[in-house]
Amino acid sequence: MNAMTKISSASADSSATEVRFPNESIVVSSTDPRGVIQFANQTFCDVAGYSVDELLNAPHKIVRHPDMPKGVFYLLWDCLKSGMPVCTYVKNKTKSGGYYWVLAVVTQTENGFLSARIRPSTELFEATKEIYATLLDEEKRENLSPEQSSARLIEMLKDAGYPTLESYGIEALNLEFKARGIIAPDLSSSFLLMDELAEIISDMQGLVNSIEQGFERVRGEPVNLRILAGRLEGAGAALGTISQNYDAMAKEMHSLVGRLHDPENGSLVQMYSAVSQGRWSMQIAQLLNEAHGNIAPDDTATDGAVLLKEHHERLHQRSRARLIEISSIGKSIPDICRSLRRRINGLDVVKLLCKVESGRMRDVDSGLDGIIARLENFHDNTDRHLADLSAKASQVTQKGSAL
Ligand SMILES: Cc1cc2nc3c(=O)[nH]c(=O)nc-3n(C[C@H](O)[C@H](O)[C@H](O)COP(=O)(O)O)c2cc1C
């Protein structure tokens with residue numbers, strides 16, 4: 001308990017004392033499926049001020065602080081039940097009526113749940129305290145049910161730039177890790193690789209955006225061709241057909257490109273989510289590994305030590321599985337790019353027909369040359385972007401299988 005500091009707080013309850021534990025300490029507990037404590041490490045006992053016997057078999061709400069909105073726990077259980085890890089800030093109460101803040105990571109184990117908590121220190125933590133205070137106020141004022149409060153919380157997180165609790169948790173753990181500056185040396189190259197993968201996937205997203213913008217820019221050209229065909233009357237009949245062909249082929253290609261980043265099942269979206277989940281699992285694994293290292297030999301926690309070690313290994317495997325997934329999605333993209341590039345050849349043929357028509361109408365200032373030049377430019381750019389996309393996908397496959 002020597003490294004623990006007690007600080008008088010000027011917050012909600014001025015008599016309450018904040019317990020601040022050292023940066024490197026990790027508060028660990030495990031529970032059964034209903035949240036009844038099965039294991040508590042010495043740090044948990046020291047920070048919360050309970051003996052291990054008082055904590056074992058007690059419901060976890062033994063440390064629940066009244067400043068915590070109900071909606072947070074509703075959402076926590078909702079996510080846990082769906083098998084997702086949860087990472088969020090929690091204010092807890094100590095036995096003597098003080099409090100301590102943690103960033104808690106809770107994951108599912110074979111027999112229940114496991115939570116590892118670190119001392120928070122980031123700006124996101126400060127922002128979250130404000131969100132909780134507003135939510136608690138709304139809960140009381142509007143008499144919100146836990147479910148209604150959790151829906152409000154989701155809205156507030158969205159407003160703060162986090163579309164899901166998962167994206168918020170990933171960011172929170174990432175920021176706290178950075179602030180602590182602790183990355184296990186044997187993992188630093190894995191984190192680096194994950195970051196590189198995320199960057200390549202984001203470049204791929206940029207290329208897909210550029211290709212789509214190209215399609216949007218030339219969308220008007222078939223219409224221009226049709227207008228021209230109308231102006232030329234009988235002489236422009238061929239152009240009318242050419243414009244229809246071009247329009248149909250370009251629309252089909254555009255929709256194929258769009259599928260790459262479809263929010264439901266687009267390859268890029270799946271790869272991005274796999275890389276951030278893989279990184280998250282690896283971070284949680286590191287936390288559990290550190291917590292395992294924290295357990296003193298005389299800690300009452302042999303079971304806990306085994307649990308931490310096993311779960312650490314499981315999360316590592318999960319992280320590796322996500323990388324294999326990224327790698328295999330990456331493998332499918334060069335084929336898609338090849339097929340799209342073949343379609344550009346098709347568009348080129350249609351453009352050539354335009355050129356033939358332009359040659360036949362040498363004496364008429366039809367504006368056809370300008371249309372052809374714009375299509376040519378679009379075909380070249382799209383082909384180049386697709387070649388880059390394919391090369392980046394191969395890089396992802398290669399890097400993803402390197403871990
Ligand atoms: C592994 C695990 C760890 C938990 N840790 C905490 C905690 O540190 N503080 C807390 O208030 N609730 C924690 N909970 C949630 C509690 O079980 C409970 O839902 C919460 O205290 C709200 O209690 P109430 O719904 O009865 O008000 C944890 C749950 C699990 C499964």
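Q: Which atom of the ligand does a polar side-chain atom of Arg 117 lie close to, and what is the distance?
A: When reading a polar contact, look for a pair of N or O atoms within 3.5 Å. In this predicted model, a polar side-chain atom of Arg 117 is 3.2 Å from a nitrogen atom of the ligand. Arg 64 offers another case, with a polar side-chain atom 2.7 Å from a ligand oxygen atom. For His 60, an N or O atom of the side chain lies 3.3 Å from a nitrogen atom of the ligand.

Q: How much of the ligand's accessible area does the protein cover?
A: Start from the area that the ligand has on its own, which is 620 Å². The protein covers 83% of that area. The ligand takes up the space of the largest pocket.

Q: Which residues come nearest to the ligand?
A: The shell has 13 residues, and the nearest are Lys 61, Arg 64, Phe 73, Trp 77 and Asn 92. By type, the shell holds six nonpolar, four polar and three charged residues.

Q: Which helix and strands each supply at least two residues of the shell?
A: They are helix H3 (70-81), strand E5 (86-93) and strand E7 (113-118). E7 gives the most, with three residues.

Q: Where does UniProt place the feature "domain: PAS fold-3"?
A: An unreviewed UniProt entry places that feature at residues 39-107. Over this stretch, the chain is 33% helix and 28% strand. Its end C-alpha atoms are 14 Å apart.

How values were computed
Residues are numbered from 1 along each chain as its sequence is written. This is a predicted model: local features need pLDDT of at least 70, side-chain atom pairs count only at pLDDT 80 or more; totals for chains, interfaces and linings use all residues. Side-chain values use heavy atoms; hydrogens and water are left out. A residue is near a molecule or strand if one of its heavy atoms lies within 4 Å of it. A polar contact is a pair of N or O atoms within 3.5 Å; within protein, one must be able to donate a hydrogen and the other to accept it, and residues adjacent in sequence count only if both atoms are side-chain atoms. Accessible areas come from the Shrake-Rupley method with a 1.4 Å probe; for residues, only the protein chains shown count as cover. On a 1 Å grid over the protein atoms alone, a cavity is a set of points where a 1.4 Å probe fits but cannot get out, and a pocket is an open set with protein on both sides within 12 Å along at least five of seven lines; lining residues have an atom within 4 Å of a point. A molecule sits in a cavity or pocket if more than half of its atoms lie within 2 Å of its grid points. Helices (H or I, at least four residues) and strands (E, at least two) are DSSP runs, numbered from the N terminus. Ala, Val, Leu, Ile, Met, Phe, Trp, Tyr, Cys and Pro count as nonpolar, Asp, Glu, Lys and Arg as charged, and the others, Gly among them, as polar. UniProt positions are given in the numbering used here, feature names are shortened, and annotations may be inferred rather than shown by experiment.
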